[in-house]
Amino acid sequence: MAKQGKDRGNSSYSPVFLCGLLWFAGCTAGGQRVDEAMRADGELAARSTRAAAGYQVGCPDVLEVRIEGRTEPGGRRPVGPDGRIDLGPLGLLRVEGQTTLQIAREIAARAGVPPEWVRVRVAEYNSQQVYLFGAVTGLQRAVPYQGEETVADLLQRTGGITAGAAPAQVHLIRPRVVEGRAPLIYHVDLQAIVLDRDLSTNLRVQPFDQIYVAQTRKSSLEKCVPPVLRPIYQVICGLQCPSANRAPR
C-alpha cells in the first residue's frame, strides 16, 4: 500500500490539475488563422495607395519630386521646420498640410508645365505616427502614419499579429490631448473583419491613434506556466481547441 501511495505521488499531473489547465485555456480562433488570412489579401497595395493620396505632408517628411524632361528640381526634398521644400531654381514652396497631388499642381504651375508631367510622392513618412501595443508581430512600437488606412490594413502593412493574439479583441484608442478631453476607445473585431468580411468595426486610423491587440487567455496563461509543464499545456490546448484549426468561413 505504501508503494502504491508513493507511485501516486510520483505519477503524472493529477486529473484535477489537467482539468484546471483545460478550463483556463479556453477556446478561441487565435491570431494565426486571422493573420494568415490577412497576408493572403492581395489588394493591400492598392488600398494603401488610395489612403496615401489623402495624406497631408508635414515636417520632417521627405518628398520625392519628378518633372518629366527635367533634372531640376527633381530628387528628394525634405520638408523644413517652416513647412517648405527647396525646389532650387523654382524657389521655396510651402507644402505643410497639403497632399502630394496639391503639391504637384503647384510645382507644375511654377515650372510652366502640364500638371500630369509632375510626380510627387512621400519618400519618408516622418511627421506622424501610430502606436502598436499588445500581441503584434515585432516589438510594441510607433509606426509611420501613411494616410487614413483601416485598422486591418495598418496591421497587415506593419507585419500582422501573433499566433497568441485575440483578434476579436482589438481596440483603437484615440487620444484627445489637444482638445483637453478624455480619449475615445473603440472596439475592433479583427476576426469578423478578416474572416467574415464584416467591416462595421474596421475604423480608419488617424495620426497618433493607439492600436492594442489583446492576447488569448491561452497565450496569457502559457507565459505563467513553468517551462517543464508547457509541453503538457500545449498538448492539452491543442486537443481542447479544435476551432483554432477550422477553415475560415
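Visitor: What makes two strands count as a pair?

Guide: Two strands pair if DSSP finds at least two bridges between them. In this predicted model, strand β1 (residues 62-67) is joined to strand β2 (residues 70-78) by 5 bridges, and the two run antiparallel; because the cut-off is at least two bridges, β1 and β2 are called a pair. One example of the partnership is V65, whose bridge partner in β2 is G75. Between the strands of this hairpin there are 2 residues, and G69 takes a positive phi near 85°.

Visitor: How do you know that β1 also pairs with strand β5 (residues 118-124)?

Guide: The strands β1 and β5 are linked in the antiparallel sense over 6 bridges, and since at least two are required, they too qualify as a pair. Within this pairing, E64 stands opposite R121 of β5.

Visitor: Why is β1 called largely enclosed?

Guide: A residue is buried when its relative accessible area is under 20%, and 5 of the 6 residues of β1 are buried, so the strand is largely enclosed by the rest of the structure.

Visitor: What makes up the lining of the second largest pocket?

Guide: The second largest pocket has a volume of about 200 Å³, and of the 13 residues that line it, the closest to its centre are D41, R47, A152, D153 and R197. The lining divides into 6 nonpolar, 3 polar and 4 charged residues. At least two lining residues come from each of α3 (30-39), α6 (151-157) and α7 (190-195), with α6 giving the most, 3 residues.

How values were computed:
Residues numbered from 1 in each chain as written. Predicted model: local features only at pLDDT ≥ 70, side-chain atom pairs only at ≥ 80, totals over all residues. Heavy atoms only, no water. 1 Å grid on protein atoms, 1.4 Å probe; cavity = no way out; pocket = protein on both sides within 12 Å on 5 of 7 lines; lining within 4 Å. Points joined across faces, edges and corners; volume = space filled by probe spheres on them. Helix = DSSP H or I, 4+ residues; strand = E, 2+ residues; numbered from the N terminus. Nonpolar A, V, L, I, M, F, W, Y, C, P; charged D, E, K, R; others polar. Buried < 20%, exposed > 50% of the residue type's maximum accessible area, 1.4 Å probe, protein only.
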